[in-house]
Amino acid sequence: VVPLPSRGGPGRSGQRRRKIPGAGLRPAKDPAIKKLNDKTANKDKKSKADAIMEELMTKYVGLATVKASMLELRALVEFDLTRKRWFGEDMSIMGQSFHMKFLGNPGSGKTVVARLVGELLVALGVIEPPPKEFFCKGRDYSKEPEELVFREVARADLVGEYVGNTAPRVQGAICDSLGGVLFIDEAYSLVKNNGKDPFGQEAVDTLIKEMEDKRKEIIVILAGYEKEMDKFFESNPGFKSRVPITFHFDDYMCDDLLAIGRFSLNKIQYTLKREDEPGLAHLINFASGCCHEEMGCRISRDNGNGRTVRNVVEAVVRTQTERLSEMPNFSELSKEEMGALAQSDLELVAAELANNLLGRMCAKDGTVTLVGDSLKQHLFKKLYAKHLPVKALVNVIRKVNLGSIELLPMIGGRGNSTSDLNQRILSCSGRIQEFQKALSTEVSSVCSTDHGMNKTAKEISSSSTPVELTPELARKVAKDSGLASALENLVSSLEGYGVDDELKTIKSATSPLCQDCLQSCKAARSKLDTTTVQMKVDLLLDFLAS
């Protein structure tokens with residue numbers, strides 16, 4: 001409306017108004033204004049999304065595969081939103097399901113990335129806020145949340161302890177997470193006992209229905225180890241069509257973990273001299289068992305990644321605190337002195353780590369000694385039948401190897417704690433060598449040319465008269481064959497983990513795990529089995545002839 005000059009001159013209040021074309025229309029119905037509003041809204045969405053992506057790319061170390069997946073996800077979402085504006089909501093190329101599975105080891109950044117994914121999809125308008133009239137106990141949907149709605153749960157939060165308790169728990173978790181993300185860590189643990197878990201299965205069935213019914217208002221992220229998650233999805237096919245997006249979280253390389261360690265120390269205002277930084281790297285490498293990018297190695301899925309770095313940093317800070325608190329002028333220390341870490345702090349933590357990670361396994365009653373003694377006393381088959389600690393053996397051999405590489409060069413033999421550390425690693429190396437010797441001796445007694453199964457087979461085959469297959473002989477054959485099979489499995493399992501490569505770097509280990517063990521035992525067992533079968537055939541023929 002444009003005001004016109006007054007006709008009455010000064011003192012007259014009358015005004016004539018003329019209409020301008022388009023004036024008086026409601027802004028929402030004006031195509032030009034609507035287009036401008038859409039453009040402004042899209043610009044706001046884009047700026048928020050840019051900020052979230054910049055945070056991921058610049059603030060977080062490593063995660064190269066995840067960052068690439070996030071870029072792809074954002075591009076796909078923005079393309080789909082543009083397509084729907086042209087062709088309508090029914091023409092989405094993705095449907096309405098943005099539920100995801102995150103596959104990776106603990107400490108690889110899954111929870112952090114889940115929050116960023118939620119923030120990104122909320123910023124892009126993919127996750128819709130629940131209707132204001134929607135009722136959920138404990139939630140008021142009439143108010144906009146100040147930050148992303150994010151809830152992390154596990155089996156204990158979703159699976160009830162009695163009939164009728166599980167479904168309400170799952171529905172409550174979904175209800176609390178509407179307008180945001182429900183993150184289920186170790187999702188494969190929802191159903192236990194190979195599927196024979198009625199409460200767990202009820203949780204899965206309820207979750208699948210809620211994910212489908214409320215797919216516009218929530219994103220469910222299922223996280224866990226890759227192998228277990230694949231098995232979990234195969235046993236619950238309802239997830240496959242409802243969880244279309246997968247993120248793979250690789251383990252951090254050693255350089256990445258060191259960068260995380262530096263960042264963690266700087267964040268709490270602790271400083272480390274440049275010449276002492278290699279010591280921090282050695283601690284992290286030993287504790288995590290990480291890989292360097294230039295070399296291929298096997299990473300244990302229990303290495304902890306970022307969580308292990310956090311534990312190492314906390315141990316160093318705790319050690320420094322104890323050292324400073326013992327000083328008589330503690331209260332007079334400057335800010336710089338309070339935040340300064342020393343090489344001695346790192347050395348004490350090295351001794352503590354070695355004791356924690358190697359102490360029990362290398363003790364007189366530890367895993368290495370237990371297996372070695374069972375081999376010496378010919379009780380290995382009995383131990384194998386109960387529970388063979390192959391993984392524990394592999395872990396201790398690797399840790400001793402890492403200790404030799406990472407910790408011994410770091411300490412240089414200074415102080416009581418470091419001499420204890422040196423003694424611990426040498427003691428472990430010695431026990432591993434004893435285990436190797438016991439394994440070779442047992443294999444020789446059971447599988448070599450002139451002993452055990454070969455000797456029995458030779459006696460049977462060389463006899464001038466038919467040998468009767470008595471119960472005693474049958475038991476002896478079964479015992480020798482079973483023991484050889486157990487030894488084969490042990491050696492095969494250890495070699496499958498690459499233990500031979502680890503042993504080459506342990507100073508006290510001068511020979512392979514067990515020279516030609518597999519070949520000799522397999523050959524002897526095959527010969528004995530063939531001889532025994534021939535005896536049974538001969539007995540049958542004699543019976544038929546009579």
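**Reading a pocket, a helix and some single residues**

Me: Which residues lie nearest the centre of the second largest pocket, and how many residues line this pocket?
Reply: The second largest pocket has a lining of 27 residues, and those nearest its centre are Tyr60, Val112, Ile260, Ser264 and Gly306. Please keep in mind that the structure is a predicted model. The space within this pocket comes to about 850 Å³.

Me: Which helices each supply at least two residues of that lining?
Reply: Three are to be named: helix 3 (110-123), helix 8 (254-267) and helix 10 (306-325). Helix 10 gives the largest share of the lining, with 6 residues.

Me: How many residues of the lining are nonpolar, polar and charged?
Reply: Sorted by class, 14 residues of the lining are nonpolar, 6 are polar and 7 are charged.

Me: How many helices and strands does the protein have?
Reply: The protein contains 20 helices and 9 strands. Of its 546 residues, 42% are counted as buried. As for contacts with a separation of 6 or more, 76% join residues that are 24 or more positions apart.

Me: What span should helix 5 have, and how far apart are its end C-alpha atoms?
Reply: The reasoning starts from a rise of 1.5 Å a residue. The expected span takes one less than the number of residues, so the 12 residues of helix 5 (residues 166-177) should cover 16 Å. The end C-alpha atoms are 17 Å apart, which agrees with that expectation.

Me: Which residues of helix 5 are buried, and what do they pack against?
Reply: A residue is called buried when its relative accessible area is under 20%. In helix 5 this applies to Thr166, Ala167, Val170, Ala173, Ile174, Cys175 and Ser177. These buried residues pack against strand 4 (150-153), strand 5 (180-184) and strand 6 (218-224), and also against helix 4 (155-158) and helix 6 (198-213). Just after helix 5, glycine 179 takes a positive phi of about 85 degrees.

Me: What sign does phi have in most residues other than glycine?
Reply: Most residues other than glycine have a negative phi. Against that background, two residues of this structure deserve attention. Glutamate 186, although not a glycine, has a positive phi of about 50 degrees. Asparagine 305, also not a glycine, has a positive phi of about 50 degrees.

Me: Where are these two residues found, and is each buried or partly exposed?
Reply: Glutamate 186 sits in the loop between strand 5 and helix 6. With a relative accessible area of 41%, glutamate 186 is partly exposed. Asparagine 305 belongs to the loop between helix 9 (277-288) and helix 10. The relative accessible area of asparagine 305 is 0%, so this residue is buried.

Me: What separates the C-alpha atoms of glutamate 322 and aspartate 345?
Reply: Distance along the chain and distance in space are read separately. Glutamate 322 and aspartate 345 are 23 residues apart along the chain, and their C-alpha atoms are separated by 9.6 Å. Glutamate 322 is placed in helix 10, and its relative accessibility of 46% makes it partly exposed.

Me: What is the mean pLDDT of the protein, and where is the pLDDT below 50?
Reply: pLDDT expresses the predictor's confidence in each residue. The mean for this protein is 78, and 71% of the residues reach 70 or more. Over residues 32-36 the pLDDT is below 50, and this stretch has 3 contacts in the model beyond near neighbours in sequence. Residues 507-511 also stay under 50, with 7 contacts beyond four places in sequence.

Definitions and conventions:
Residues are numbered from 1 along each chain as its sequence is written. This is a predicted model: local features need pLDDT of at least 70, side-chain atom pairs count only at pLDDT 80 or more; totals for chains, interfaces and linings use all residues. Side-chain values use heavy atoms; hydrogens and water are left out. On a 1 Å grid over the protein atoms alone, a cavity is a set of points where a 1.4 Å probe fits but cannot get out, and a pocket is an open set with protein on both sides within 12 Å along at least five of seven lines; lining residues have an atom within 4 Å of a point. Grid points are joined across faces, edges and corners, and a volume is the space filled by probe spheres set on the points. Helices (H or I, at least four residues) and strands (E, at least two) are DSSP runs, numbered from the N terminus. Ala, Val, Leu, Ile, Met, Phe, Trp, Tyr, Cys and Pro count as nonpolar, Asp, Glu, Lys and Arg as charged, and the others, Gly among them, as polar. Buried means under 20% relative accessible area, exposed over 50%, partly exposed in between (1.4 Å probe, protein chains only). Contact means heavy atoms within 4.5 Å. pLDDT is the predictor's confidence in each residue, from 0 to 100.
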